[in-house]
Amino acid sequence: MANTIAPNNPAENSAPRQADVRTEEMLVNMGPQHPSTHGVLRVVLRTDGEMVLESVPHIGYLHRCAEKIGENVAPYQYVPYTDRMDYLAGMNNNQAFALAVEKLTGLEVPERAKYIRVMFSELNRIASHLVAIGTYGLDMGAFTPFLYCFREREMLLDLFESACGARLTYSYITIGGVTDDLPENFVDVCSEFLDYFEPKIDDYNNLLSYNHIFVKRTGNVGVVSAEDAIRFGLSGPVLRGSGVKFDLRKAKPYEIYDRFDFDVPVGLPGGTAEIPRGVVVGDCWSRYYVRVKEMVESVKIIRQCLRDIPDADEKEGVCNKKCKTVKLPDDEVYMEIENPRGQLGFYVKGDGSAIPARVKARGPSFCNLCVLEYAGKNCLLADIPAIIGSMDVVMGEVDR
Amino acid sequence: MSFEEICQVLKSQFGDAIEETAVDSCRPFVTINADKWSEVAAFLRNDDRMAFDFLQCISAIDLLAEDKLACVYDLAAISPVSSTQDMTYLRELAVRVVTDRNAPQIPSVAHVWAAADWHEREAFDMMGIDFPGHPNLERILCPDDWVGYPLRKDYAHPLEYHGIPGTTEHELKSPRH
């Protein structure tokens, strides 16, 4: 299927494109209420006919000063607030904050809880990428893949619900472990889901990834080179889409990621292997496709977790008993993890009391979004939703 | 290259600009004089021994007891770009730049790391630190006409903003403090 796509005309590739659609300059306000801005993002576009000469993102519409709240509550009370930052990847956010506090206080995590954490953060990665892929299809005018993605996501949410009772804001991973042990039969139900889910990824590819129109809309659009990606501090699929094989789970393994065997997908040039022609490294399609491939890798990790997870230890439980009484030393820590959107970092500074002196979240969406000003230049108006969608930003975490 | 070795190089290069090295911290950090920060940052970015090309985060902190504000820069050097080999962090470094609380000024490093642009705007918005040399230092999360810097420890939140009450009737009747 991929081979039937004609190569893009090379002359068409060099920006600025199509000089004949220029008329006169106009400022267009896109958002904050706009279906393809994925929340309350406002972008001011300086347009000239169909051409966008400049796009300036304005953020802050969802600002709740989550960092100030962090200075007023104990760490275990702050965990639910982290859910509400990146609300599509609550588990990963809980994990990032929990790891930061554990590193600062030296709190031990039970072995079984570590496996549960990795398993759920990978399941959440799949759930988050399903939303990213589905809504990206919506942005590009493909409605059906969205329904397929949400069908599978629903099953994942059922799994989360069975473990912690919540479907979106879990607070399941907490300081010192997880709040509750796995429900009965979870291992069987989860492996059943994985067996069902894995072939579905091919369906998404056939429905959306290799769709001719989709490739035309996203291939060679919003290209970010590897050097620029690092310069702008991009991370996650946005960085790897630019051909940078950097993943914190490999680069600086946290939790127990060094025990698992998995690959890190990166953006590849079009025409090779399964990559359609017309795609270049660092474009919207590459960023999108990295997410598809990451789901396959997550399935691998979860299978290994299910295989290796130790049995419940009655005495130890799944959460450190000191999680609510722990005092933060007069010290500071910065801890990063690989969230579905990129590197989520928490800077936590203690002052000897039980309440942190400062909590700062380095949101991957926040850092990834700053490249929009650079990538959304001298492109077509229709490319703007393609570029924003491929960044997969969650405004709750951009604005915090 | 360990933290001590990095500090050694910095000390031999910049001498007094390196004010303090907190080796025993959970995550060691080096304190650098704000006046020299711009030069040190360029050195950290461009020197072959350092090559800190990835700015992870800038966290503005309020040191109320010392009557200071500070920024903490978390830097990392990434191994050469590869699409086949797993890349890693070669080294990491945390830098603290302390500034006066009454006229807080830290030179901008947005020209050194493009990622610093938004981080510095956030620090300006939330903590009120001025970054001379920044291309577009405006509030980023709060509205442009917001008064005060919310993350300062002595911040008092406004009681009214464009007709929107900042406190509820219930709170007025039974104040929390």
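## Chain B: contacts and layout

In this predicted model, residues 24 or more positions apart account for 49% of the contacts in chain B that have a separation of 6 or more. Buried residues come to 38% of the 177 residues in the chain.

As for secondary structure, chain B has four helices and seven strands. Reading from the N terminus, the elements go α-β-β-α-β-β-β-α-β-β-α. If you're setting up a box, the C-alpha atoms of chain B fill one of roughly 60 × 40 × 30 Å along the principal axes.

## Where the two chains meet

Over at the interface, 37 residues of chain A are in contact with 33 residues of chain B. On the chain A side, several elements each supply at least two residues, among them helix 2 (66-70), helix 4 (90-105), helix 9 (226-231), strand 7 and helix 13 (364-369). Strand 6 of chain A gives the most, with four residues. Sorted by class, the side of chain A that touches chain B has 17 nonpolar, five polar and 15 charged residues.

Helix 9 of chain A offers a residue to zoom in on, Arg231(A). Setting aside neighbours within four places in sequence, Arg231(A) is in contact with Trp113(B) and Ala114(B). Is Arg231(A) buried or exposed? It counts as buried, because 20 other C-beta atoms lie within 10 Å and the cut-off for buried is 20 or more. Arg125(A) sits 106 residues from Arg231(A) in sequence, and the two are 26 Å apart in space, C-alpha to C-alpha.

## Strand 6 and its hairpin

Back to strand 6 of chain A, which covers residues 332-339. Eight of its eight residues are buried, so the strand is largely enclosed by the rest of the structure. In a regular strand, side chains alternate between the two faces of the sheet. Here both faces are covered: Glu332(A), Tyr334(A), Glu336(A) and Glu338(A) are buried on one side, and Val333(A), Met335(A), Ile337(A) and Asn339(A) are buried on the other.

What does strand 6 of chain A pair with? Its partner is strand 7 (residues 342-349) of chain A, running antiparallel to strand 6 and joined to it by eight bridges. A hairpin of two residues links the two strands. For one specific pairing, take Glu336(A), whose bridge partner in strand 7 is Gly345(A).

## Helix 4

Helix 4 of chain A is another element that supplies residues to the side touching chain B. Helix 4 has 16 residues and reaches 23 Å from its first C-alpha to its last, close to the 22 Å expected at 1.5 Å a residue. Of those 16 residues, 15 are buried, so helix 4 is largely enclosed by the rest of the structure. Right after helix 4 comes Gly106(A), with a positive phi near 70 degrees.

## The nonpolar core

The largest nonpolar core has 168 residues, and the ones touching the most other members are Ala100(A), Ala60(B) and Cys71(B). Helix 5 (residues 111-139) of chain A gives the most to this core, with 13 residues.

Which residues surround Cys71(B), leaving aside neighbours within four places in sequence? Cys71(B) is in contact with Ile58(B), Ala60(B), Val97(B), Ile106(B), Ala123(B) and Ile129(B). Ala60(B) therefore turns up twice: as a contact of Cys71(B), and among the residues that touch the most other core members.

How values were computed
Residues numbered from 1 in each chain as written. Chains lettered and ligands numbered in written order. Predicted model: local features only at pLDDT ≥ 70, side-chain atom pairs only at ≥ 80, totals over all residues. Buried ≥ 20, exposed ≤ 12 C-beta atoms within 10 Å, placed from the backbone. Pairing = 2+ DSSP bridges. Contact = placed C-beta atoms within 7 Å. Nonpolar A, V, L, I, M, F, W, Y, C, P; charged D, E, K, R; others polar. Expected span 1.5 Å × (residues − 1). Core = buried A, V, L, I, M, F, W, Y, C linked by C-beta atoms within 7 Å.
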